[in-house]
Amino acid sequence: MEHRHLARLMLGASGLGRRAESPGDEAVARATARALVASGRPIDTSNAYASGRSEQLLGRALRELPAAEAADAAARIVTKVDADPQTGRLDRERVLRSADESLSRLGVDRIPLLHLHDPYSITFDEACARGGAIDALVELRDSGVAGAIGIAAGPVPLVARYADIGVFDAVLVHNRWTLVDRSARALFERASLQGMTVFNAAPFGGGLLARGAASGSTYAYRPATEELRRWVARVEALSARHGVTLAAVALQFSLRAPFIHSTIVGASSVRRITTLDDLADAVVPDELWSELAAMPSAPTWIDDDQEERR
């Protein structure tokens with residue numbers, strides 16, 4: 001999946017299948033999976049999302065399509081290898097098993113891009129050791145099971161360390177290139193210049209920049225502080241003055257960055273999928289971007305050194 005052929009907007013399936021409390025939830029999940037594979041857009045999932053249900057639902061949706069359409073949709077699904085959910089093991093054996101699990105759930109024999117996902121349970125040296133997780137990913141790429149390999153995590157220093165060894169084809173970072181937090185810029189620019197595909201995930205910061213300051217939504221999976229909510233309210237007011245929504249500005253902030261090849265937005269419902277195009281197509285005046293650049297930086301509490309130690 002070369003970035004010159006990659007859609008600027010990618011649909012994230014992290015929430016797919018997360019709820020399973022009633023038959024109605026299952027019906028919604030299946031309808032969402034069908035909408036995802038029928039969207040024509042690339043899809044981002046993972047071995048660990050909803051304990052494998054995300055991939056299972058996508059695989060079921062693929063099997064419901066005619067063969068040619070299923071093959072086309074399958075070629076747009078990106079997934080990730082994850083640590084063993086019980087032991088935290090993330091060695092060569094676990095990487096190969098994780099990949100096999102994903103292939104089986106999706107019903108495919110090849111993944112266009114396979115990420116090493118959140119390697120927090122092992123050290124960098126363990127990942128790089130002979131016969132370790134990275135060697136296993138390279139093995140999967142060399143054998144053709146993975147068209148390309150990437151590193152996907154949150155902390156910028158951690159992702160940069162993996163990216164700098166020169167093995168990976170792609171980088172994915174979440175919550176670090178948004179209206180609020182722009183700490184991934186140097187990594188993204190460097191990776192792009194080196195020919196890597198750059199994925200920016202969670203441009204809404206997990207909800208706050210989609211729903212607004214009064215919504216009570218979290219930012220980067222944590223409660224938003226009052227100071228941050230006041231800052232977001234200022235951006236909401238700025239957006240309203242220019243006739244656009246905060247969500248459109250937040251999404252296009254990522255889409256317009258020249259060093260980002262694809263922006264990943266969670267799509268946990270059919271309605272969410274259909275509204276993303278409207279946000280991406282909204283006209284944001286140049287004056288808004290100028291006024292936004294003149295605003296003081298947003299208050300953010302993300303400490304990547306602390307996140308890497310968690």
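Is D72 buried, partly exposed or exposed? At 47% relative accessibility, D72 is partly exposed. This is a predicted model, and D72 makes a good starting point for a friendly look at its salt bridges.

The partner of D72 is R76, and the closest N and O atoms of this salt bridge lie 3.6 Å apart. R76 itself is buried, with a relative accessible area of 12%. So this pair joins a buried arginine to a partly exposed aspartate.

Two further salt bridges sit within helices. In helix α8, which covers residues 185–193, R185 and E189 are four residues apart, so about one helical turn separates them. Both ends of this bridge are partly exposed: R185 has a relative accessible area of 39%, and E189 has 31%.

Helix α10, residues 226–241, holds the other pair. Here R230 and E226 are also four residues apart, which means that about one helical turn lies between them. E226 counts as partly exposed, at 41% relative accessibility.

The table lists the three pairs with their distances.

| Salt bridge | Closest N and O atoms |
|---|---|
| R76 with D72 | 3.6 Å |
| R185 with E189 | 2.9 Å |
| R230 with E226 | 3.9 Å |

Beyond the pair of R230 and E226, some salt bridges share partners: E55, R94, E101 and R105 are joined in this way into one network.

How many salt bridges does the structure hold? There are 20 salt bridges in the structure, among them the pairs in the table, such as R185 with E189.

Key:
Residues numbered from 1 in each chain as written. Predicted model: local features only at pLDDT ≥ 70, side-chain atom pairs only at ≥ 80, totals over all residues. Heavy atoms only, no water. Salt bridge = Lys/Arg side-chain N within 4 Å of Asp/Glu carboxyl O. Buried < 20%, exposed > 50% of the residue type's maximum accessible area, 1.4 Å probe, protein only. Helix = DSSP H or I, 4+ residues; strand = E, 2+ residues; numbered from the N terminus.
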